[in-house]
Amino acid sequence: MSAVEIVSFGYLHDAPPAAHLTIDLRHHFRDPHVSPELRYMTADDEPVRTAVLGTHGITDLVDATATAVAAFASGPSAGTITVADGCAGGRHRAPTFARALAEQLTAAGHSVTVSHRDLSKAVVQR
């Protein structure tokens, strides 16, 4: 199968990285940042992952993105397929989504690398 690179990021830190697919999680999925008990946590913390993955529609989007990656992989061109997924700060939704997508793609036989551009950056006060 194909090699896939997944990059999570926060739109409030910098422009999205170059990618074949860019998934914007900002407007359709509730931001854990609005919950004071989750604000300073990250996708490394189970309560954040539970909140994000429990959001209606998020697993459907993971499935749809995996299907899109498979479509790219079935094309005639070789090379790594890059998926960028972003939320506001890059600490909650985007890295959780990236990990869920990586898990699904790995199970489907793809070679996957994941990086989190903004996961360790400070919380954006807004």
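How many helices and how many strands are there in the protein chain? In this predicted model, the protein chain contains four helices and four strands, and these elements follow one another from the N terminus in the order β-β-α-α-α-β-α-β. The radius of gyration of the protein chain is 14 Å, which is close to the 14 Å given by the globule rule for 126 residues, so the chain is as compact as a globular protein of that length. Taken along the principal axes, the box filled by the C-alpha atoms comes to roughly 45 × 25 × 20 Å.

With respect to packing, buried residues account for 40% of the 126 residues in the protein chain. Of the contacts with a separation of 6 or more, 81% are between residues 24 or more positions apart. The area exposed by the protein chain is about 6,300 Å², of which 55% is supplied by carbon and sulfur atoms. The charged side chains comprise 10 positive and 13 negative ones, and the centres of these two sets lie 7 Å apart.

Strand E2, which spans residues 21–24, shows an alternation of its side chains. In a regular strand, side chains alternate between the two faces of the sheet. In E2, Leu 21 and Ile 23 point to one face and are buried, whereas Thr 22 and Asp 24 point to the other face and are not buried. Strand E2 runs parallel to strand E3 (residues 81–87), to which it is joined by four bridges. Within this pairing, Leu 21, one of the buried residues of E2, stands opposite Val 83 in E3.

Key:
Residues are numbered from 1 along each chain as its sequence is written. This is a predicted model: local features need pLDDT of at least 70, side-chain atom pairs count only at pLDDT 80 or more; totals for chains, interfaces and linings use all residues. Side-chain values use heavy atoms; hydrogens and water are left out. Buried means under 20% relative accessible area, exposed over 50%, partly exposed in between (1.4 Å probe, protein chains only). Helices (H or I, at least four residues) and strands (E, at least two) are DSSP runs, numbered from the N terminus. Two strands pair if DSSP finds at least two bridges between them. The radius of gyration is taken over C-alpha atoms; the globule rule is 2.2 Å times the number of residues to the power 0.38. Contact means heavy atoms within 4.5 Å. Accessible areas come from the Shrake-Rupley method with a 1.4 Å probe; for residues, only the protein chains shown count as cover. Lys and Arg count as positive and Asp and Glu as negative; His and the chain ends are not counted. The place of a charge is taken as NZ of Lys, CZ of Arg, CG of Asp or CD of Glu.
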